[in-house]
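Let's take a stroll around a protein and the ligand it holds. Have a look at the picture first, then read on.

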Amino acid sequence: MAQSFEGKKVLITGAGSGIGRATAKTLDGLGATLILCDISTDFLEQVKTDLEESGSSQPKHVYQKCDVSSPADCEAVVKSIPTSTGAEPKLDCLFNCAGINPTNIPITETTDSYFTRLMEVNVRGTFNMSRACVPLLSGQSSIVNVASNCGLRGYSGYTVYCATKHAIVGFTKALALELGPRGIRVNAVAPGYTDTPTMAGNVEGGDANQRLISGLALGRLGQPSEVADVVAFLFSPQSSYMTGSVVEVTGGLK
Ligand code: NAD
């Protein structure tokens with residue numbers, strides 16, 4: 001049975017699209033109070049409309065523009081977390097989902113700016129928001145980061161993206177050890193090929209799509225909501241003995 005998130009505050013980065021947006025919908029449906037942030041205000045408007053149209057009790061949610069690569073933006077999001085009068089702000093769950101999906105580029109054609117942006121968003125963004133939120137977490141709290149199948153193995157042409165996602169795996173395992181004594185759990189999901197807007201080039205059909213799908217035991221792409229369900233599980237007490245885990249949601253990579 002799905003766990004209720006009534007009374008729980010959950011912060012999601014990259015909440016405007018794809019896996020972040022799907023997770024917002026899932027947790028909204030389970031009663032969570034959401035602090036939703038994204039670099040795109042248009043995307044935040046869209047997720048707000050989505051939640052309203054699906055009958056959310058949305059007035060309690062917070063929508064905040066934030067570039068996770070900016071420590072100041074992350075601190076500002078933390079200050080926007082609603083509090084009971086006079087109480088210290090508190091957070092139950094942090095989902096570090098903001099990220100830039102990969103482009104296939106040989107190393108000799110990879111620019112400094114591509115390297116820097118992927119590192120700044122995928123790695124530093126996760127660090128920035130985690131550092132800002134940890135003081136608000138307590139026992140029973142939990143962090144979930146987004147790694148990837150590219151965080152568990154190498155793919156030709158994806159050196160920088162693979163490096164960022166391997167970094168997330170290491171970050172997750174180390175932070176789990178640091179925060180475990182306080183009862184705070186830290187895990188990661190490692191999605192495979194998931195049908196989100198920035199995967200669009202692959203999901204529009206054609207040879208590339210067929211090649212991807214033929215490498216999967218389940219023979220289809222993942223849906224963002226299927227990753228969201230695993231994130232909800234990792235936040236719930238049903239995963240109370242899991243920390244430092246990286247859960248693959250790949251449809252069975254061959
Ligand atoms: P998406 O492009 O649909 O969504 C990413 C969201 O992050 C967008 O709303 C975007 O505006 C936001 N964002 C980008 N840069 C940001 C920044 N600096 N600060 C705040 N928000 C920012 O992508 P998605 O496919 O849902 O990917 C989400 C995460 O999952 C990423 O970390 C991605 O690497 C990872 N992932 C995706 C797949 C996949 O196949 N889609 C597979 C494995 C891992």
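## Who surrounds the ligand

Start with the company the ligand keeps: its shell counts 15 nonpolar residues, 11 polar ones and four that are charged. Keep in mind that this is a predicted model. Among the 30 residues around the ligand, the ones that come nearest are Ser-17, Ile-19, Asp-38, Tyr-161 and Thr-196.

## Where it sits

If you're hunting for the ligand, check the largest pocket, since that's where it sits. Three elements each give two or more residues to the shell around it: helix 1 (18-29), helix 4 (112-133) and helix 5 (159-179).

## Polar contacts

Now zoom in on the atoms. A polar side-chain atom of Thr-196 is 2.5 Å from one of the ligand's oxygen atoms. Thr-194 joins in through its backbone, with an N or O atom 2.9 Å from a ligand oxygen. Over at Ile-39, a polar backbone atom lies 3.2 Å from a nitrogen atom of the ligand.

How much of the ligand does the protein bury? On its own the ligand exposes 820 Å², and the protein buries 94% of that.

## Salt bridges

Side chains of opposite charge can pair up when their charged atoms come close. This structure holds six salt bridges. One of them joins the side chains of Asp-50 and Arg-21, at 3.4 Å from N to O. Asp-50 belongs to helix 2 (residues 41-53) and Arg-21 to helix 1, so this pair ties together parts that are 29 residues apart in sequence.

Notes. Residues are numbered from 1 along each chain as its sequence is written. This is a predicted model: local features need pLDDT of at least 70, side-chain atom pairs count only at pLDDT 80 or more; totals for chains, interfaces and linings use all residues. Side-chain values use heavy atoms; hydrogens and water are left out. A residue is near a molecule or strand if one of its heavy atoms lies within 4 Å of it. A polar contact is a pair of N or O atoms within 3.5 Å; within protein, one must be able to donate a hydrogen and the other to accept it, and residues adjacent in sequence count only if both atoms are side-chain atoms. Accessible areas come from the Shrake-Rupley method with a 1.4 Å probe; for residues, only the protein chains shown count as cover. On a 1 Å grid over the protein atoms alone, a cavity is a set of points where a 1.4 Å probe fits but cannot get out, and a pocket is an open set with protein on both sides within 12 Å along at least five of seven lines; lining residues have an atom within 4 Å of a point. A molecule sits in a cavity or pocket if more than half of its atoms lie within 2 Å of its grid points. Helices (H or I, at least four residues) and strands (E, at least two) are DSSP runs, numbered from the N terminus. Ala, Val, Leu, Ile, Met, Phe, Trp, Tyr, Cys and Pro count as nonpolar, Asp, Glu, Lys and Arg as charged, and the others, Gly among them, as polar. A salt bridge is a side-chain nitrogen of Lys or Arg within 4 Å of a carboxyl oxygen of Asp or Glu.
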